[in-house]
Amino acid sequence: HELIVRGTDGGGLSAVCKVLVKVVDVNDNAPELVLSSFSSPLPENTVPGTVVALFSVRDRDSGANGKISCALEDQLFFSLRPAYKNYYELVTVSALDREETAQYILTVTAADAGSPPLTTTQTFTVDISDVNDNAPVFNQTSYTMYVRENNVPTVFVGAVSAADADVGLNAKVTYSLAPVQAAERPSCSCISVNSENGHVFVLRPLDYEQLRHTEVTVSASDAGSPPLRANVTVRLVVLDENDNAPLVLYPAQDSSPPSSELVPVSAEAGYLITKVVAVDADSGQNSWLSYHLLRATEPGLFTVGVQSGEVRLRRPVTDRDTVKQKLVVLVRDNGKPPLSATAALSALLLKDFSDVRLPHSSPATEDEADSLTTYLIISLVFVSLLFLISTAVFVARKVCKRKELKAGHVLYGADNLQSSLADAVAAGTLPRAYCYEISLTTGSGNSEFKFLKPILPSLPPQHCAVGQDPDDEQDFPCVPVSTEDMAPDNAGTLSAGQFNSR
């Protein structure tokens, strides 16, 4: 500041001087930070070196009091760099991950060089926006679920769960059954999964004896673009229920009569007669079988091994014991409730095994066998009678034919043949009349026909066999034959049966 000072005395004299007041700066102004641009939120896939904010700083003091320095507090992902003059840039220095840090609070401090220095703090809140860079993750590496056989349809057996670290649509998970690869075995079509909550259902009743376990692949997919997915294996184990009764393999319980076990009367107590063998299609305790003697002809004579099914003598055989013993063994499983089957068998108490003539079947089977035997005998008698009658008829016909052949020694004479040919010509059945030389013998087995010269239309009188009426053609027709052409050297033979076939 410049001042002019005038001094005047009492006599009226004065003087003038100039006073220059120089104001010395005091550090009484803090730095100022002026923001030019700021970007928020930032995508998490922002590349390093991206400018987040641009700002300038100033201080109205001078000298050292106006010299400003800026600093960013404790940051690994961002930094400050000078742009030009008093401008600074806030930039990223490494990759960002929203799933680790969704928001960054950056503090920039501007300080002057005064004594004491003055500072100004500016806070930048940087939000990180989500990018679909995370696939769904299941809370288990695999799932094992259990269902009892003979289940009701659409029974709930468990649930799968997957989480996505992203947000919004990128984190919305839907579930589905993954398609089976061509090289893989087709999976069971009885499993379904709810697309919204991952609940797993069994659609139809299962049978433990046919399907004990199966595996499917469940896929979890988010709604991002492009969507990301993850797969997990779900193993469904079918639990057995006691729904199968024991099956007796030996002795066979079919419709055929059961065979009898031979027991010597000299056998001592503990003698092994036979063993009942049975199986159960169930598993676990449902297939544990026990054997019990249900009833017997002599209950005190036999014992059955509870675990082994061996049928043994409890005591020695006595003379009072019936030769044929029948037993019924009960086979029962250990299920709840238990199921059972029975095995019927018989035993013969014999002194000598070579004398086995007793029937081995039950009374009902014996009745059926007797009825079947009766039917077989009746059928055999009927067939035999039919065969004998047919044989008798056949022999009778042969005898009659032989008698007829012996009765007629000469069937046709020369006159007979000539008359028959004339009739044939007159009737129009022969275009021309021919003369045949025919010689018949009773026992001849061969025949010969020889054509001779044609007979002229004017035929000689018809001649028939001796004793035959010319008008009687019921048995044998008369055949016109030229007697003058009947030569002994051209004679042929023809059997009666063969001539009749003409």
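**Exercise 1. The β27 hairpin**

How many residues does the hairpin use to join β27 to β28? Work that out, then place β27 among its partners.

*Solution.* Keep in mind that you're looking at a predicted model.

- Step 1: Find the turn. The hairpin goes from β27 to β28 through six residues.
- Step 2: Check the β28 side. β27 runs antiparallel to β28 (residues 340–350), and nine bridges hold the two together. To get the register, look at Val329, which sits opposite Ala343 in β28.
- Step 3: Check for another partner. β24 (residues 289–296) also pairs with β27, again in the antiparallel sense, over seven bridges. Here Arg295 has Val328 of β27 as its bridge partner.
- Step 4: Ask how enclosed the strand is. β27 covers residues 324–333, and eight of its ten residues are buried, so the rest of the structure largely encloses it.

**Exercise 2. Reading a four-stranded sheet**

Work out the strand order of the open sheet that contains β4 and β6, and say which strands stand at its edges.

*Solution.*

- Step 1: Write down the order. The four strands go β4-β10-β9-β6, and the pairing is mixed.
- Step 2: Look at the ends. β4 (42–43) and β6 (68–72) each have a single partner strand, so each has one side with no neighbour in the sheet.
- Step 3: Look at the middle of that order. β9 (residues 103–112) and β10 (residues 119–129) run antiparallel and are joined by nine bridges. For a register point, take Thr107: its bridge partner in β10 is Thr123.
- Step 4: When you trace side chains here, a general point helps: in a regular strand they alternate between the two faces of the sheet.

**Exercise 3. Aromatic pairs**

Classify the ring pairs Phe38–Phe124 and Phe78–Tyr104, and decide which of these residues are buried.

*Solution.*

- Step 1: Start with the tally. The whole structure has nine aromatic pairs.
- Step 2: Take Phe38 and Phe124. Their ring centres are 5.6 Å apart and the planes sit at 40 degrees, so this pair is tilted.
- Step 3: Map that pair onto the strands. Phe38 belongs to β3 (residues 32–38) and Phe124 to β10, so the contact ties together parts that are 86 residues apart in sequence.
- Step 4: Compare exposure. Phe38 has a relative accessible area of 34%, so call it partly exposed. Phe124 comes in at 2%, so it counts as buried.
- Step 5: Move on to Phe78 and Tyr104. With 5.3 Å from centre to centre and 70 degrees between the planes, they're edge-to-face.
- Step 6: Map this pair too. Phe78 is in β7 (residues 78–82) and Tyr104 in β9, so the pair links parts 26 residues apart in sequence. Both Phe78 and Tyr104 are buried.
- Step 7: Look for a wider group. Phe38 and Phe124 belong to one aromatic cluster together with Phe55 and Tyr88.

**Exercise 4. Salt bridges**

Describe the salt bridges Glu32–Arg58, Glu99–Arg98 and Asp321–Arg315, including how accessible their residues are.

*Solution.*

- Step 1: Recall the principle: oppositely charged side chains can pair when their charged atoms come close. The structure holds eight salt bridges.
- Step 2: Glu32 and Arg58 have their closest N and O atoms 2.7 Å apart. Since Glu32 is in β3 and Arg58 in β5 (residues 51–58), the pair ties together parts 26 residues apart in sequence. Glu32 is partly exposed, at 28% relative accessibility.
- Step 3: Glu99 and Arg98 bring their closest N and O atoms to 3.3 Å. Glu99 is partly exposed at 25%, while Arg98 is buried at 12%. This bridge is also part of a network that links Arg98, Glu99 and Asp130.
- Step 4: Asp321 and Arg315 meet at 3.0 Å, N to O. Asp321 is buried, with 10% relative accessible area, and Arg315 is partly exposed at 25%.

**Exercise 5. Checking the record**

Which residues does the UniProt annotation "domain: Cadherin" cover, and what does the chain look like over residues 1–33?

*Solution.*

- Step 1: Read the record. According to the unreviewed UniProt entry, the annotation covers residues 1–33, 34–138, 139–248 and 255–365.
- Step 2: Inspect residues 1–33 in the model. This stretch is 0% helix and 48% strand, and its end C-alpha atoms lie 30 Å apart.

Note on methods. Residues are numbered from 1 along each chain as its sequence is written. This is a predicted model: local features need pLDDT of at least 70, side-chain atom pairs count only at pLDDT 80 or more; totals for chains, interfaces and linings use all residues. Side-chain values use heavy atoms; hydrogens and water are left out. Two strands pair if DSSP finds at least two bridges between them. UniProt positions are given in the numbering used here, feature names are shortened, and annotations may be inferred rather than shown by experiment. Rings of Phe, Tyr and Trp (its six-membered ring) pair if their centres lie within 6.5 Å; planes under 30 degrees apart count as stacked, over 60 as edge-to-face and the rest as tilted. Buried means under 20% relative accessible area, exposed over 50%, partly exposed in between (1.4 Å probe, protein chains only). A salt bridge is a side-chain nitrogen of Lys or Arg within 4 Å of a carboxyl oxygen of Asp or Glu.
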